[in-house]
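Biologist: I'd like to walk through this fold with you, strands and helices and all. Shall we take it piece by piece?

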Amino acid sequence: MTEINRRRFLTGAAAVGAATAVSSVASAGPARAAGTASVPVTTSTQRAVVIGSGFGGGVTALRLGQAGVKVLVLERGKWWPTGPNAQTFPHAATPDSREIFYTSWTATDAVVGELPYAGLEEKIVGDNITAVVGAGVGGGSLVYQGMTLQPTEEVFSTWFPSGYDYSELNSVYYPRVAQMLQLETAPDTLINSKTYLPARVFAENVQAAGYNLSKIPMPIDWSYALDELSGAMLPSYTNGDCAYGVNNGGKHSVDVTYIAQAQATGNVTVQILSNVTRIARGPNGTWLVYVDVTDTSGNLQSQQIITTSALFVNAGTCNTSKLLVRASAIGDIPDLPDAVGQGYGSNGDQIYLWQDNAQNLGTPQGGPVVYGSFQWDDPTIANTVVQASMPPIGVDLSGLENLLPSLAFLGQPLLLNLYSTILVGYGVSSVRGQFVYNSSTDAVDLKWPAAGDATLDARINQRITAIAGANSTLTNTNTLSNTTWHSLGGACMNSVCDLEGRVLGQRGLYVLDGALMPGTTAACNPSMTIAAIAERALDQIVRNDVGTIF
Ligand SMILES: Cc1cc2nc3c(=O)[nH]c(=O)nc-3n(C[C@H](O)[C@H](O)[C@H](O)COP(=O)(O)OP(=O)(O)OC[C@H]3O[C@@H](n4cnc5c(N)ncnc54)[C@H](O)[C@@H]3O)c2cc1C
């Protein structure tokens, strides 16, 4: 890398005929640099750069690496290594700063630990919606429950462009993802164990309400959960303590599947704690990537300007959209399609607290997810309802046992039994929001219409009410704070990108993550379709673009 001075970094846009007064303010959240801080600034050239290491980033890195392309993956978060009895991930009962990515940490967050921190989740607060997204090598797969569902042909074809051949996705690409993630459903031995009572009650109630019931394919080696039952490992699955990652391992997240195999090709380098603040079109068909390299508190350590002829913006729906919308607004990438930032959908996420005082569902509860119910017959109202374990909530009394050794049990969290569990619903909805550049803050805002998914919400509410039964109390947490974990769209196929994620009119610029989706993944959780569409695209990009465009 070549050392250049910081002033040149800050005004680098001038070199590409873009904005004149450009700071290192990140559209995806700034590193905490002092305004006058002097940090090393370097430049380099890479054949291909991938921003983000989630599903889109993982597939891209692996398939390009296998094709012999040298790839640099830039990931703003850190590695989260797991293994039996690891303490890598935070515990729901004892929250700490590992839960929160530093861009969304505020002083009111009730967490302990290194503050702020390059933690696992970023909250993007928009108008009428909050989007929760993952951070770290593996992206959302670190914290996701792991529900891995493939849409039916009818629902997929209703919501996705006709240019996709569903039979090809069905026979080649969805199975390829399933094989990579080693999908399995939970074994009955586990479901029949004590802490999986809520799953069994859900199953009975679903069938009593006349709905179909299915086991949900998960990227999990369930033998780990069975080992917990036998006492060979500390609880991690069987106590539902997996909302922020599974400490014991056995979960085939993107870091240990796609990214690990990408690195094994010898062609892929993953650079962590590297927050891309800005992307711009450079001279002679190149792309410029501006990177803040931080420590784990988000403090700026150095800056990089990377030149590449192939830039894959796979930072996840919200952060990909923000990078593109800002680049368009300030002239860093002229002539981006007008639809950049549009077509944002929430996947209709709803989370309910299901409380039944007559039914002691117990605590802790085994997780993460066993069963779901699909209502997919009518593609215009298709939706899914699942039961998810209630995270163990309680008080951490560790340390107190030192005061009085006979109170050794105080070293464990005391868990609250709320006679409750979690029901999750999602489905198709035609309502869309958008990402909009705000010139007064130089940031990009997420706009969502009030009560946007109301029609779908009513449908899910009807189903969940029937499943829960008359004696229950249901609290739709989205009425308290409208939140989604499944953001989709913003650089949608057919309006911003082609079906392989090539940004229209921008040679060498690609989007292959949730932002490419048409605001929905057809009544299923997003990850499997994001990965399958990326797998299909990479086959074509390797065949047609490698060696010609880059
Ligand atoms: C709590 C939770 C539970 C979920 N449960 C499920 C589930 O059960 N099933 C399912 O299918 N989906 C689930 N999801 C959604 C799923 O995780 C996402 O749809 C999926 O991860 C999106 O993949 P992606 O490649 O688009 O982006 P991501 O996986 O989000 O990856 C994007 C990556 O880019 C990085 N990044 C972002 N901005 C920058 C930047 N400026 N510079 C450098 N790096 C950057 C991020 O840190 C991240 O690692 C869940 C999500 C959450 C948050």
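Modeller: Sure, and one term up front: two strands pair if DSSP finds at least two bridges between them. Keep in mind that this is a predicted model.

Biologist: Okay, in which sense do strand β2 and strand β10 pair?
Modeller: Strand β2 covers residues 41-51 and strand β10 covers residues 300-313. Ten bridges link β2 and β10, and serine 44 stands opposite isoleucine 306 in β10. The sense of the β2 and β10 pairing is parallel.

Biologist: And how many residues sit between β9 and β10 in their hairpin?
Modeller: Strand β9, residues 287-294, runs antiparallel to β10, with eight bridges joining the two. One spot to look at is tryptophan 287, which stands opposite threonine 308 in β10. In the turn, glycine 298 has a positive phi of about 90 degrees. The number of residues between β9 and β10 is five.

Biologist: What is the bridge partner of phenylalanine 312 in β22?
Modeller: β22 is residues 509-510, and β10 pairs with β22 in the parallel sense over two bridges. In β22, phenylalanine 312 has as its bridge partner tyrosine 510.

Biologist: Let's hop to the open sheet of three strands: which are its edge strands?
Modeller: The strand order there is β11-β18-β19, with antiparallel pairing. An edge strand pairs on one side only, and that fits β11 (342-344) and β19 (443-447). From one strand to the next, the twist averages 40 degrees. So, going by where pairing happens on one side only, the edge strands are β11 and β19.

Biologist: Which residue in β19 stands opposite phenylalanine 435?
Modeller: Strand β18, residues 433-438, pairs with β19 in the antiparallel sense over five bridges. Helix α10, residues 317-329, lies across β18 and β19, at about 45 degrees to β18. As for phenylalanine 435, the residue opposite in β19 is leucine 446.

Biologist: There's a ligand too. How many polar residues does the shell around the ligand have?
Modeller: 41 residues surround the ligand, and the closest are Gly52, Gly54, Gly139, Gly140 and Gly316. Among the elements that each supply at least two residues of the shell are β5 (129-134), β8 (274-281) and α10. By class, 15 shell residues are nonpolar and three are charged, while the number of polar ones is 23.

Biologist: Now helices: why do α3 and α13 count as roughly parallel or roughly perpendicular, whichever it is?
Modeller: α3 and α13 pack with their axes 9 Å apart, at an angle of about 30 degrees. Angles under 35 degrees count as roughly parallel. Therefore α3 and α13 are roughly parallel.

Biologist: Is the crossing of α3 and α13 left-handed or right-handed?
Modeller: Picture the contact: Phe55, Val59 and Arg63 are among the α3 residues, meeting α13 residues that include Ile530, Ala534 and Leu538. The residues of this contact divide into seven nonpolar, three polar and two charged. The crossing of α3 and α13 is right-handed.

Biologist: Last one: how do α5 and α13 lie, roughly parallel or roughly perpendicular?
Modeller: Helix α5 is residues 166-181, and α5 packs on α13 with the axes 8 Å apart, at an angle of about 115 degrees. Leu169, Tyr173 and Val177 are among the α5 residues that meet α13, where the partners include Met528 and Ala532. That contact has seven nonpolar, no polar and three charged residues. Angles of 65 to 115 degrees count as roughly perpendicular, so α5 and α13 are roughly perpendicular.

Key
Residues numbered from 1 in each chain as written. Predicted model: local features only at pLDDT ≥ 70, side-chain atom pairs only at ≥ 80, totals over all residues. Helix = DSSP H or I, 4+ residues; strand = E, 2+ residues; numbered from the N terminus. Axes fitted to C-alpha atoms, helices over the stretch in contact; angles between N-to-C directions. Contact = placed C-beta atoms within 7 Å. Near = placed C-beta within 6 Å. Nonpolar A, V, L, I, M, F, W, Y, C, P; charged D, E, K, R; others polar. Parallel < 35°, antiparallel > 145°, perpendicular 65-115°, else oblique. Left-handed = near helix turned anticlockwise from the far one by under 90°.
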